[in-house]
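Colleague: Could you take one part of this model and go through it closely for me? I'd like the setting of the whole chain first, then the detail.

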Amino acid sequence: VHLQESGPGLVKPSQTVSLTCTVSGGSITATYYYWSWIRQSPGKGLEWMGAINYSGSTYYSPSLKSRTFISRDVSENQITLRLTSVTPEDTAVYYCTRDLDYGGTGGISWGQGTRVTVSS
């Protein structure tokens with residue numbers, strides 16, 4: 001399975017950033033996988049943000065729940081992350097991962113990551 005993240009690169013504070021994970025070599029509806037978004041800010045560790053599973057159920061980190069929305073497009077085999085009201089603290093490399101559970105920062109498969117910089 002290959003995961004490829006894509007996004008705008010640079011966004012301004014207070015805007016919404018949308019990132020897409022395009023999956024190839026396997027279906028995002030395949031049981032029993034969870035597709036997570038994980039980020040790593042400069043100088044910090046990995047942070048699990050949220051996930052969507054094979055049936056479309058979503059799970060979010062309590063600290064980001066109010067600003068994070070994860071959805072999927074089954075026809076395109078894509079997972080989308082929307083993060084609203086971004087601040088410079090949201091500057092990070094964002095990764096899409098595949099795993100058999102959610103909430104952790106392990107992951108069976110990882111994309112190469114996409115960098116998001118929040119700056120005016």
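**A close look at strand S4**

Modeller: Read from one end of the sequence to the other, the protein chain goes β-β-β-β-β-β-β-β-β-β-β, where strands are DSSP E runs of at least two residues and helices H or I runs of at least four, numbered from the N terminus. Its radius of gyration, taken over C-alpha atoms, is 13 Å, close to the 14 Å that the globule rule gives for 120 residues, so the chain is as compact as a globular protein of that length; that rule is 2.2 Å times the number of residues to the power 0.38. In total there are 0 helices and 11 strands. Before going on: this is a predicted model, with local features needing pLDDT of at least 70, side-chain atom pairs counted only at pLDDT 80 or more, and totals for chains, interfaces and linings using all residues. Residues are numbered from 1 along each chain as its sequence is written, and side-chain values use heavy atoms, leaving out hydrogens and water.

Along its principal axes the C-alpha trace spans about 40 × 25 × 25 Å. Of the 120 residues, 42% count as buried (under 20% relative accessible area, with exposed over 50% and partly exposed in between, using a 1.4 Å probe and protein chains only). For contacts (heavy atoms within 4.5 Å) between residues at least 6 apart in sequence, 54% join residues at least 24 apart.

Now to the part I picked, strand S4, residues 34–40. Of its 7 residues, 6 are buried, so S4 is largely enclosed by the rest of the structure. One partner is strand S5 (residues 46–53), which pairs with S4 in the antiparallel sense over 7 bridges; two strands count as paired if DSSP finds at least two bridges between them. Within that pairing, Trp-35 has Ile-52 in S5 as its bridge partner. The hairpin of S4 and S5 has 5 residues between the strands, and Gly-43 takes a positive phi there, near 75 degrees.

S4 also pairs with S9: the two run antiparallel and are joined by 7 bridges. Here Ser-36 stands opposite Thr-97 in S9. As a general point, side chains in a regular strand alternate between the two faces of the sheet.

Follow the chain on from S9 (92–99) and you enter the loop leading to strand S10 (109–110), where Ile-108 sits. Ile-108 is partly exposed, with a relative accessible area of 46%.
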